[in-house]
Amino acid sequence: MLIKPEKLQAGDRIATVSPSWGGAGDPELRWRYQQGVKRLEEIFGLEVVAMPNSLKGTDYLYNHPEARAEDLHTAFRDKSVKAIVANIGGEDSIRLLPYIDFEVIRANPKIFMGYSDVTISHLFCHKAGVSSFYGPAILTDFAENVEMDSYTVEMVNRTFFSSEPIGKIQPAKQWTSQFVEWTEENKQKRRKMQPNGGYEILQGKGTVRGQLIGGCIEVLEFAKQTVLWPEDSYWDNSIIFFETSEEQPEPDFIKYWLRNYAAQGILSKANGIVFGKPKDEKYYQAYKTQITQVMQEYALTDVPILYNMNFGHTEPKFILPYGATAEINCETGSFSIVDSGVQ
């Protein structure tokens, strides 16, 4: 069992970190960071503090992975900090691994949230035995042009400000992956929203429950065969969540990666799998084809799979707490987190 962190209350202090790309500190993007911070303060009533190295910019943080790791340690050690939110993802946070002290995280459990390459930092928490949260980041969701999406706001409130079970996660009514260039001139330009088709059942029947584990499928490749890779027991009776990044990997890669999970015996241990909406819905059908092909190859066609879910590289998004019990209901095509995220 992973340790659940304590819930948030208005007035709590939270830390922002850059465990991956350091763009939040670049002069041309500082406004975007400040916009995200302002939303945390005004919508959720939180006090926000940047960790010492987190705003030193792209070049410095790329060249100093140890500084990024130290910011994580600083945030976890600081008793006045109740939660930690990543500024954004990137591609190289696996380089922090040699500098991470897992005992610091284990001894100071608290909310940690981000997505994409931040999957690696989630695995740091997982290795330390602490539940973390696959969800919004400062520069993306919190700093959304004009205003935060109400769906994301609701999910933050339900996940972090209440110790009640999170409950049924309805599909977002609309979605977007449109990229509007991050310039101050575009601050008032809303992204174009698309009607959302809702969740799709790719296979399976009945209702299953399991503990959540997963992340960005490309980033998980960095972690295989390292000390970060979860022990076999963590995959037992799990509900695995996968999503793809803005790099929109070719469909064949989904097939190759899933075959590896099948060959490791991971897919046969799982009670169910959920897949995030592909960015821009590119390869929407092609990914489904590859997923179902691999499940057929390994005689796993009874494993319930939900597809097109609002997490990862799509906005708005819900939040997945590692280790929490989730439920897939194939009869109603619904998804619930029947656990609380916090205590």
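# Reading a two-domain predicted model

Tutor: The protein chain is divided into domain 1 (13-164) and domain 2 (169-337). The contact takes 42 residues from domain 1 and 44 residues from domain 2. Keep in mind that this is a predicted model.

Student: How many Å separate the centres of domain 1 and domain 2?

Tutor: Taken over C-alpha atoms, the two centres are 22 Å apart.

Student: How many helices and strands does the protein chain have, and how compact is it?

Tutor: There are twelve helices and 16 strands. The radius of gyration is 19 Å, close to the 20 Å that the globule rule gives for 343 residues, so the chain is as compact as a globular protein of that length. Along its principal axes, the C-alpha trace spans about 50 × 45 × 40 Å.

Student: What share of the residues counts as buried, and what area does the chain expose?

Tutor: Of the 343 residues, 61% count as buried. The exposed area is about 13,500 Å², and carbon and sulfur atoms supply 47% of it. Contacts give another view of the fold: among those between residues at least 6 apart in sequence, 80% join residues at least 24 apart.

Student: Now the strands. How do strands of a sheet pair?

Tutor: Strands of a sheet pair through backbone hydrogen bonds, either parallel or antiparallel. In this model, eight strands form an open sheet with mixed pairing, in the order β6-β16-β15-β10-β11-β12-β13-β9. Its edge strands are β6 (167-168) and β9 (200-203), each of which pairs on one side only.

Student: Which strands does β10 join, and in which sense, parallel or antiparallel?

Tutor: With β15 (residues 325-329), β10 runs antiparallel, joined by five bridges; one residue to look for is Arg209, whose bridge partner in β15 is Glu327. With β11, the pairing is parallel over six bridges, and Ile213 stands opposite Ile240 in β11. Strand β10 (residues 207-216) is mostly covered, with seven of its ten residues buried.

Student: How many bridges join β11 to β12?

Tutor: Four bridges join them, and these two strands run parallel. Within that pairing, Ile239 has Gly272 of β12 as its bridge partner.

Student: Next, a helix. Why do residues three or four places apart point the same way?

Tutor: An α-helix has 3.6 residues a turn, so residues at that spacing come round to the same direction. Take helix α7 (residues 150-160), whose buried residues are Tyr151, Thr152, Val153, Met155, Val156, Thr159 and Phe160.

Student: What do the buried residues of α7 pack against?

Tutor: They pack against α1 (30-44), β4 (111-114), β5 (133-134) and α6 (138-142). At the start of the helix, a side-chain oxygen of Asp149 reaches to within 2.9 Å of the backbone nitrogen of Tyr151.

Student: How should I read a single loop residue, such as Ser245? Is it buried or exposed?

Tutor: Begin with its place, then its cover, then its contacts. Ser245 lies in the loop between β11 (238-243) and α10 (251-263). Its relative accessibility is 6%, under the 20% cut-off, so Ser245 counts as buried. The side chain of Ser245 makes a polar contact with the side chain of Glu218 at 2.6 Å, and it reaches the backbone nitrogen of Glu247 at 3.0 Å. Leaving aside residues up to four places away in sequence, Ser245 touches Cys216, Glu218, Lys279 and His313.

Student: Where does Val227 lie, and which residues does it touch?

Tutor: Val227 is in the loop between α8 (217-223) and α9 (232-235). At 49% relative accessibility, Val227 counts as partly exposed. Not counting residues up to four places away in sequence, Val227 touches Leu97 and Lys127.

Student: Which residues have a positive phi although they are not glycine?

Tutor: Among them are Gln248, with phi near 50 degrees, and Asn308, with phi of about 70 degrees. Gln248 lies in the loop between β11 and α10, and counts as buried at 18% relative accessibility. Asn308 lies in strand β13 and is buried, with a relative accessible area of 1%.

Student: Which peptide bond is cis?

Tutor: The bond from Glu315 to Pro316 is cis, with omega near -5 degrees. Pro316 is found in the loop between β13 (305-309) and β14 (320-321).

Key:
Residues numbered from 1 in each chain as written. Heavy atoms only, no water. Buried < 20%, exposed > 50% of the residue type's maximum accessible area, 1.4 Å probe, protein only. Polar contact = N/O pair within 3.5 Å; in protein donor to acceptor, adjacent residues only side chain to side chain. Contact = heavy atoms within 4.5 Å. Pairing = 2+ DSSP bridges. Rg over C-alpha atoms; globule rule 2.2 N^0.38 Å. Areas by Shrake-Rupley, 256 points an atom, 1.4 Å probe, with all protein chains shown as cover. Domains from an automatic or database assignment.
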